[in-house]
Amino acid sequence: MITIKSTKQIEYMRHAGSIVFETHKRLEEAIKPGVTTKELDIIAEKYILSQGATPSFKGYNGFPANICTSVNEQVVHGIPSLKALKDGDIISIDIGVNYKGYHGDAARTHPVGTISEQAKKLITITRESFYEGMRYAREGNRLSDISAAIQQYVEKQRYSVVRDLVGHGIGSQMHEEPQIPNYGKAGRGPRLRAGMTLAIEPMINMGKYQVKVLPDEWTVVTTDGSLSAHYENTIAITHNEPALLTQVTE
Ligand code: MG
């Protein structure tokens, strides 16, 4: 069942989302060659707790850290470690925050120092593909209209869309129905209604779409070793434009 949130519930989610956004901002400033992903994890934990919230990912199905840090060919669910970032790396950071029982979830991919033009383009196309999908996140549309828009945009650029991992409904649970694939034919799935809250999250590979899980049982990597980028926001379907809950505009 896809839950419909009240205005008040969406306000809690927007607050959770604003903490996600502010955490991302702090991490973006901290990312540079020599910094370890563990250091980023600690910055995130301190900030989230200081806001009267908790990191949603910590302990989720046993996940051992506060945020996910996925470097280069790592797609998602990378575990922060004592390994330092290097000039030329790209890093995807995924943050979930629980504020008074409501979740916000967003991911970004950032350059570390100076990166290749191809890597820059991958990050840009991944971000843009989210916005392509979001254009269809409107009352009355079908869920897969979002999926199809993302896939078409990405494949036009000759990148590939990860199939094994998908976006999701979100609210009082971090993962709720429906699943939101980033590929597929338009015009299918449930009709979107005002009050639905969705985490749309394209994961885009420079090479082939296949992925595998490393022996740590968390880290998902591209099977061909190509770079991967991730971009995610939590949004609410409204009677008009979708509302971005994990983006704060000043
Ligand atoms: Mg998510």
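**Exercise 1.** In which sense, and over how many bridges, do strand β4 (residues 90-99) and β5 pair?

*Solution.* The model is predicted; local features need pLDDT of at least 70, side-chain atom pairs count only at pLDDT 80 or more, and totals for chains, interfaces and linings use all residues. Residues are numbered from 1 along each chain as its sequence is written, and side-chain values use heavy atoms, without hydrogens and water.

Step 1. Strands are DSSP runs of E with at least two residues, numbered from the N terminus; two strands pair if DSSP finds at least two bridges between them.
Step 2. β4 and β5 pair in the antiparallel sense, over 10 bridges.
Step 3. One of the bridge partners is A106 in β5, matched with I95.
Step 4. The two strands form a hairpin with 2 residues between them, and K100 in the turn has a positive phi of about 50 degrees.

**Exercise 2.** Explain why strand β5 is largely enclosed by the rest of the structure.

*Solution.* Buried means under 20% relative accessible area (1.4 Å probe, protein chains only). In β5 (residues 102-111), 9 of the 10 residues are buried, so the strand is largely enclosed.

**Exercise 3.** Which residues are the closest to the centre of the largest pocket?

*Solution.* Step 1. On a 1 Å grid over the protein atoms alone, a pocket is an open set of points where a 1.4 Å probe fits, with protein on both sides within 12 Å along at least five of seven lines; lining residues have an atom within 4 Å of a point.
Step 2. Of the 22 lining residues, the closest to the centre are Y60, H77, H168, H175 and E201.
Step 3. β7 (167-169) and β8 (176-180) are the elements that give two or more residues to this lining.

Conventions
Helices (H or I, at least four residues) and strands (E, at least two) are DSSP runs, numbered from the N terminus. Buried means under 20% relative accessible area, exposed over 50%, partly exposed in between (1.4 Å probe, protein chains only).
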